[in-house]
Amino acid sequence: VYAMNHLAVAPAAGGPAKVLTAALDRNTYAPRFTTDGTAVLVTVEDDGEQYLARVPVDGGPLEKLIGGPRAVGDFDLGRDGRIAAVVSEPQLPGEVFLTGDGGSLTRLTHTNDRVLADIRLGEVENIHFASLDGTPIEGFIVRPPGFTAGTRYPAFLRIHGGPMMQYDWGFHFEAQLFAAAGYVVVMANPRGSAGYGQDFCTAIWRAWGEKDFEDVMAAVDHVIERGLADPGRLAVGGWSYGGMLTDHVITKTDRFKAAYTGASAALYVVNYGHDEYQLWWEGELGLPWENPELYETMSPYYRIAKVTTPTLIVGGEQDWNVPIVNSEQLYQALRRLGVPTELVVYPGEFHEFTTPSYLQDLYTRMLGWFATHVPKPPASGGS
């Protein structure tokens, strides 16, 4: 699961495949032949970008077609060779663009213009900093709209899922939502993330919550050192592996005043035979009865007594990706320890919610939880 997705071509009649991106050390997705069959179009995850590239089938150099501070999603190829693609930018949700001569892009849709006209969005900044051991880490921050230089704001460390994913230049609704509520939103790409090569991705092999924990904490320290964030008003949260790493964070530090953990797991052995990741568990951690020490060492549940952070726990009733039993166990433990906590289970929802009213309720609860537990600014200033 940590391996890079390389692009390869093979004869239609059979025969050996030829890998075209072996030297790229980056993930490629959604391959599509050009109309003349001389090249393949793919999207590439690379250092905070998700760009569209053209790869010749004869093994020539990759050519970036749509790149820059944006993220390319779905795309389609016309008979005239032009490409239509869903493109997202830091302050623009996905819209359809069409390529033209000289690499130009023409925007075809304006789906979100009316919504965007009535709101202010936060400024997005690409950041680079060193982790505890000196490893270079990349990420993004979103400032609250109307940000005032010299003012320290509450900060929200938002951890992505996967872990083999990356934050990129695309529009991020949740980050903008929390920025609008007055938070500097911190989004790091810690080790384990995709987009930075095989070694970076596998750095958390059999060591979840170690190097990636150091990396996300370094991101928080970075915004504090720059005077953007108030060290006494920190919050943390994430979904899926983002929630799992949140569970590690709150069992390793008391620096955060509030947390939410969505669709997460803390006692990993519970998932064996129950979730959809049996080959992953066996491939990385081995069989539970043969490697019980590793399952125990990696599970933040066994450090649960160290938690002091008020934690909102949320998930879907029908989540077979990270089953809700994980959230129930975490909730039971925190209640037993007297840590402020709530468990909210959404009926009929899977790993990613689709019911609009539930999504609205979820974000309202998250914002309310942070507003309740993150200290208010001092009367003399702040946000």
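This report walks through some strands, helices and aromatic rings of a predicted model.

## Before you start

Residues are numbered from 1 along each chain as its sequence is written, and side-chain values use heavy atoms, with hydrogens and water left out. Because the model is predicted, local features need pLDDT of at least 70 and side-chain atom pairs count only at pLDDT 80 or more, while totals for chains, interfaces and linings use all residues.

## Two hairpins in a row

Let us begin with strands 7, 8 and 9. Helices (H or I, at least four residues) and strands (E, at least two) are DSSP runs, numbered from the N terminus. Two strands pair if DSSP finds at least two bridges between them. In general, strands of a sheet pair through backbone hydrogen bonds, either parallel or antiparallel.

Strand 7 (residues 71-77) is antiparallel to strand 8 (residues 83-89), and 5 bridges hold the pairing. Look for Phe75, whose bridge partner in strand 8 is Ala85. These two strands make a hairpin with 5 residues between them, and Gly81 in the turn has a positive phi of about 90°. Strand 8 also pairs with strand 9 (residues 92-99), again in the antiparallel sense over 5 bridges. Here Glu89 has Leu92 in strand 9 as its bridge partner, and the hairpin from strand 8 to strand 9 goes through 2 residues.

## An open sheet of 8 strands

Further along, 8 strands form an open sheet in the order 11-12-14-13-15-16-17-18, and their pairing is mixed. At its edges are strand 11 (124-130) and strand 18 (341-346), each of which pairs on one side only. From one strand to the next, the twist averages 20°. Axes are lines fitted to C-alpha atoms, for helices over the stretch in contact, and angles run from 0 to 180 degrees between N-to-C directions. Within this order, strand 16 (residues 258-262) and strand 17 (residues 311-316) run parallel and are joined by 4 bridges. Gly262 stands opposite Val314 in strand 17.

Two helices that pack on the sheet are worth finding next; contact means heavy atoms within 4.5 Å. Helix 4 (residues 211-225) touches strand 11, strand 12 (136-142), strand 13 (153-159), strand 14 (184-189) and strand 15 (229-239), and its direction makes about 115° with that of strand 11. Helix 8 (residues 325-337) touches strand 16, strand 17 and strand 18, with its direction at about 160° to that of strand 18.

## Aromatic rings

A search of the whole structure finds 25 aromatic pairs. Rings of Phe, Tyr and Trp (its six-membered ring) pair if their centres lie within 6.5 Å; planes under 30 degrees apart count as stacked, over 60 as edge-to-face and the rest as tilted. One pair is Phe156 with Phe370, edge-to-face at 5.2 Å centre to centre and 75° between the planes. This pair links distant parts of the chain, since Phe156 is in strand 13 and Phe370 in helix 9 (residues 356-373), 214 residues apart. Buried means under 20% relative accessible area, exposed over 50%, partly exposed in between (1.4 Å probe, protein chains only). Phe156 counts as buried because its relative accessibility is 0%, and Phe370 is buried at 1%.

Tyr277 and Trp280 are also edge-to-face, because their ring centres are 5.3 Å apart and their planes at 90°. Tyr277 is partly exposed at 24% relative accessibility, whereas Trp280 is buried at 16%. Both belong to a cluster linked by ring pairs, together with Tyr2, Trp205, Trp208, Tyr241, Tyr268, Trp281 and Tyr295.
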